[in-house]
Amino acid sequence: MPELTPEEWTAVALSLRIAAVATLASLPFAIAVAHLLARRDFPGKTLVDGLVHLPLVLPPVVTGYLLLLLFGKRGPLGAFLADFGIVFSFRWTGAALACAVMGFPLMVRAIRLSFEAVDRRLEAAAGTLGAGPFAVFATVTLPLALPGVLVGAILCFAKALGEFGATITFVSNIPGETQTLSAAIYTFTQIPGGDAGALRLTVVAVVIALGALVLSEWLQRRASRRVAVYA
Amino acid sequence: MIEFDCRLARPDFKLDVAFSAGQGVTALFGPSGSGKSTVIRLIAGLERPDDGRIVADDAVLADTAAGIVLPPHRRRIGLVFQDAQLFPHLSVRANLTYGRWFTPRRERAVPFDDVVQVLGIDRLLDRRPATLSGGERQRVAIGRALLASPRLLLMDEPLASLDDARKREILPFIEHLRDAFRIPIVYVSHAVDEVARLAGHVVRLEAGRVAAAGPASEILAPTSLSTASRFEAVSILTATVERYDPAFAVTILDHPAGRIILPGHLGGTAMEPTPTGLGPGSPATSQAGAMTGKPTDRTASSPPGALVRLSIRATNVTLAVGRPSNLSIRTALTGTVVHIATDDGPFALATIALRGGDRLTAYITRLAAAELGLDTGDEVHALIKAVSLDERMVPGLQIPSE
């Protein structure tokens, strides 16, 4: 197998970095939102639920365009955050934001399901033993939901690695800054003689995806062994 | 000490209950749907009263008039669920110590080693809940609740999900607990045997209301002639161990009204000698060494002179006018008929004041009462078949075959 060119390596490394940052940065928010949706009733819950799931049903290009409108240099949020030195547009951080938004619904769904599967009577038991709401969450709910949290994180990571539409619409396709694995493959298919490069990167993508699957399987098995349920 | 007075209305259920409970075991007793578990949930703070007041040990847990309803974690009320509810991701040890994290150091009144010893769970400490038997899980759950040093321990049908053998395994532990730690227990059950064995004070609930409350010996006595309650009615007698007869493997108990024969011989969890030991707040736990519990005594033989409490089903009592002879029944207690309740049905319910003061109730047929000419004031002998007494339900009795 021919070696990857430095440009191709850059795209691979950038993809991994963007996916990792997108997953880790959105994980706390996903846990909070999932817990809110699983355990609380409040007015507007349906609306929150709908907003979270919107990127799942909207065309990715639309999501990317909305991000551009909101977080672009002249967008209301983008202009506000720029004052603090946080810039998303045409930066790799913007790519991470797009990936996080696209992966968020998948992550929230998985984590919410695992929260809902935690027996509320265990939480009640912890309460009668003196644990306040946050202690109950930290010592009972979250540890018991850990396998689901891992599944959610890995789903988000996989989604982020493959994200294309929203990213390219929001932050374009700049080599070394926002050109991810997917975007690089797309670029190769657009230029004459790019087939070999596209094929090399495709192999890399398959290897990373398989690796993520195996890792998630292993992590889950470890986690659920720790969280043994009653026989 | 707890004072409870709450009202709660749900579309299909109304609750209006007031009672108070002191030291020892107070049983909430009644058919399913009578509101026992709701009362427990209200005390623990898992349910909110529409209006009412709950005070435990001078701490106001809820007072809707003053706008106070404490959340569960601020109440320090221990709760043992029907099905243990151990944390599956923690070891037995971590389950046991869970509540201590949230108990201020100066309020940690219950020593870890004592609880582990009393409950006999020292060899389970490093195991996971999933690997425990049902009885072991329940013991760990009891220990976990105790180690949070609660003001009050609530037990919501803790034996209901266990089979008879497991029940018999746990009952002595609960009994020991009652005597070893000064924590009042509110025990929910619909099993009359458990209540008769454990509780000094009984609150009988029916359809969300208190139907009766008082000493166990009074409340568990039958109240009606209905067929359904016939098998639930028990009398509670307190007798003294006279001696064990090894030749026939029976224990002979001394009661002012006569000798009582029990199969088997008594072990060591019989009650400490106390005046009558039945009322709430009776000093059964006030003996020296109450906190340390002396769990090792459990296997020691109970000496002659120890008091035991017997529950006798009203359906197992035969009445005889004049001293019967040539019968296989060895236990004949003398007393006076104080009341006979009848209706148009087949049964008559006789209440007998035994010599010495205990009351015994007997279900007989109305026909028998008529043919014997039984009337209030008559002197009778109450006959009890020794084999009909469930020696397994007598505290500390060891069954010869086990």
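**Exercise 1. The chain A–chain B contact**

How many residues of chain A are in contact with how many residues of chain B? Describe the chain A side by element and by residue class.

Solution. The model is a predicted one. Step 1: count both sides; 20 residues of chain A touch 22 residues of chain B. Step 2: assign the chain A side to elements. H6 and H7 of chain A are the elements that give two or more residues to this side. H6(A) supplies the largest share, six residues. Step 3: sort by class. The chain A side holds 14 nonpolar, four polar and two charged residues.

**Exercise 2. Packing of H6(A) and H7(A)**

Classify the packing of helix H6 and helix H7 of chain A, and list the residues that make the contact.

Solution. Step 1: find the geometry. Two packed helices are described by the angle between their axes and the distance between the axes. For H6 (residues 120-128) and H7 (residues 133-162) of chain A, the angle is about 140° and the axes are 10 Å apart. Step 2: classify the angle. Roughly antiparallel would require an angle over 145 degrees; H6(A) and H7(A) are therefore oblique to each other. Step 3: give the hand; H6(A) passes H7(A) in a right-handed crossing. Step 4: list the contact. H6(A) contributes Leu122(A), Glu123(A), Ala126(A) and Gly127(A), while H7(A) contributes Val136(A), Thr139(A), Val140(A) and Thr141(A). By class, these residues are four nonpolar, three polar and one charged.

**Exercise 3. The two domains of chain B**

Describe how domain 1 of chain B meets domain 2 of chain B.

Solution. Step 1: set the bounds. Domain 1 of chain B covers 2-220, and domain 2 covers 234-267 + 302-398. Step 2: locate the domains; their C-alpha centres lie 33 Å apart. Step 3: count the contact, to which domain 1 brings nine residues and domain 2 eight. Step 4: assign the domain 1 side. Helices H5 (164-180), H6 (192-198) and H7 (216-219) of chain B each give two or more residues, and H6(B) gives the most, with four. Step 5: sort this side by class, which yields four nonpolar, one polar and four charged residues.

**Exercise 4. A sheet in chain B**

Work out the strand order, the edges and the twist of the sheet that contains E12(B) and E16(B).

Solution. Step 1: write the order. Four strands of chain B form an open, antiparallel sheet, E14-E13-E12-E16. Step 2: find the edges. E14 (258-263) and E16 (307-313) of chain B each pair on one side only. Step 3: give the twist; neighbouring strands are turned by 45° against each other on average, direction ignored. Step 4: examine one pair. Seven bridges join E12(B) (residues 234-245) to E16(B). Ile236(B) stands opposite Ser311(B) in E16(B).

How values were computed. Residues numbered from 1 in each chain as written. Chains lettered and ligands numbered in written order. Predicted model: local features only at pLDDT ≥ 70, side-chain atom pairs only at ≥ 80, totals over all residues. Axes fitted to C-alpha atoms, helices over the stretch in contact; angles between N-to-C directions. Parallel < 35°, antiparallel > 145°, perpendicular 65-115°, else oblique. Left-handed = near helix turned anticlockwise from the far one by under 90°. Contact = placed C-beta atoms within 7 Å. Nonpolar A, V, L, I, M, F, W, Y, C, P; charged D, E, K, R; others polar. Domains from an automatic or database assignment. Pairing = 2+ DSSP bridges.
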